[in-house]
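Here are some exercises to work through with the model open beside you. Try each task before you read its solution.

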Amino acid sequence: MMLEHILVLSAYLFCIGTYGLITSRNMVRALMCLELILNAVNINFVTFSNFFDNRQLKGDILAIFVISIAAAEAAIGLAIVSLIYRNRKSTRINQSNLLNN
C-alpha cells in the first residue's frame, strides 16, 4: 500500500475517535473512542517505521509500548467505570458528579 492511503486511514480513525470522545455521554463509549485514537497513532508509528527506517524497529517498539499502556488504561478505566456504575447506577458522564457527596 502507498503511504498516503495508510495515513488517510489513520486520519479517519483519529477523527472518528476525537469526534466520539467529544460528543460521548457514556463513559464506556468514551474509553472506546480513546482506544481508536491510540490505534490511529499506532498505525502511524508502524507505517513511518516501515517506510523510512526498514532496518531499525523504533516505530514498532514504540507501538508495542503504546499498546501496553492502552491495555492498562482500558483495564483501569473499565474497573473505575464498573465501580461508578455500582455506586451511581449510571455510566453517563454528566451524571457522575462524584465530588458532590
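Helices (H or I, at least four residues) and strands (E, at least two) are DSSP runs, numbered from the N terminus. The model is predicted, so local features need pLDDT of at least 70 and side-chain atom pairs count only at pLDDT 80 or more, while totals for chains, interfaces and linings use all residues. Residues are numbered from 1 along each chain as its sequence is written, and side-chain values use heavy atoms, with hydrogens and water left out.

**Exercise 1. The fold and the record**

Task: work out which elements the chain has, and set them beside the UniProt feature "transmembrane region".

Solution.
- Step 1: The chain contains three helices and zero strands, and from the N terminus on the order is α-α-α.
- Step 2: UniProt, in an unreviewed entry, places "transmembrane region" at residues 6-23, 30-49 and 61-85. Such positions are given in the numbering used here, feature names are shortened, and annotations may be inferred rather than shown by experiment.
- Step 3: Residues 30-49 are 100% helix and 0% strand, with their end C-alpha atoms 29 Å apart.
- Step 4: Residues 61-85 are also 100% helix and 0% strand, and here the end C-alpha atoms lie 36 Å apart.

**Exercise 2. Surface and contacts of the whole chain**

Task: find what percentage of the 101 residues is buried, and how much area the chain exposes.

Solution.
- Step 1: Buried means under 20% relative accessible area, exposed over 50%, and partly exposed in between (1.4 Å probe, protein chains only). Buried residues account for 25% of the 101 residues.
- Step 2: Accessible areas come from the Shrake-Rupley method with a 1.4 Å probe, and for residues only the protein chains shown count as cover. The chain exposes about 7,400 Å², of which carbon and sulfur atoms supply 69%.
- Step 3: Contact means heavy atoms within 4.5 Å. Taking the contacts between residues at least 6 apart in sequence, 54% join residues at least 24 apart.

**Exercise 3. Two residues in helices**

Task: decide whether S10 and T47 are buried or exposed, and list their contacts beyond four places in sequence.

Solution.
- Step 1: S10 sits in helix α1. With a relative accessible area of 2%, S10 is buried.
- Step 2: Neighbours within four places aside, S10 touches A40, I43 and N44.
- Step 3: T47 belongs to helix α2 and counts as buried at 11% relative accessibility.
- Step 4: With neighbours within four places again left out, T47 is in contact with L3 and I6. The C-alpha atoms of T47 and L7 are 8.1 Å apart, although 40 residues separate the two in sequence.

**Exercise 4. An aromatic cluster**

Task: classify the aromatic pairs of the structure.

Solution.
- Step 1: Rings of Phe, Tyr and Trp (its six-membered ring) pair if their centres lie within 6.5 Å; planes under 30 degrees apart count as stacked, over 60 as edge-to-face and the rest as tilted. The structure holds two such pairs.
- Step 2: F48 and F52 are stacked, at 5.8 Å centre to centre with 10 degrees between the planes. They are about one helical turn apart because four residues separate them in helix α2.
- Step 3: F48 is partly exposed at 33% relative accessible area, whereas F52 is exposed at 59%.
- Step 4: F51 and F52 pair edge-to-face, at 4.9 Å centre to centre with 85 degrees between the planes. F51 is partly exposed, at 48%.
- Step 5: Together, F48, F51 and F52 make one aromatic cluster.

**Exercise 5. A loop residue**

Task: locate R25, then find how far its C-alpha atom is from that of R92.

Solution.
- Step 1: R25 lies in the loop between α1 (3-23) and α2.
- Step 2: R25 has a relative accessible area of 49%, so R25 is partly exposed.
- Step 3: R25 and R92 are 67 residues apart along the chain, and their C-alpha atoms are separated by 5.4 Å.

**Exercise 6. I61**

Task: place I61 and give its C-alpha distance to S49.

Solution.
- Step 1: I61 is in helix α3 and partly exposed, with 45% relative accessible area.
- Step 2: I61 and S49 are twelve residues apart in sequence, and 9.6 Å lies between their C-alpha atoms.
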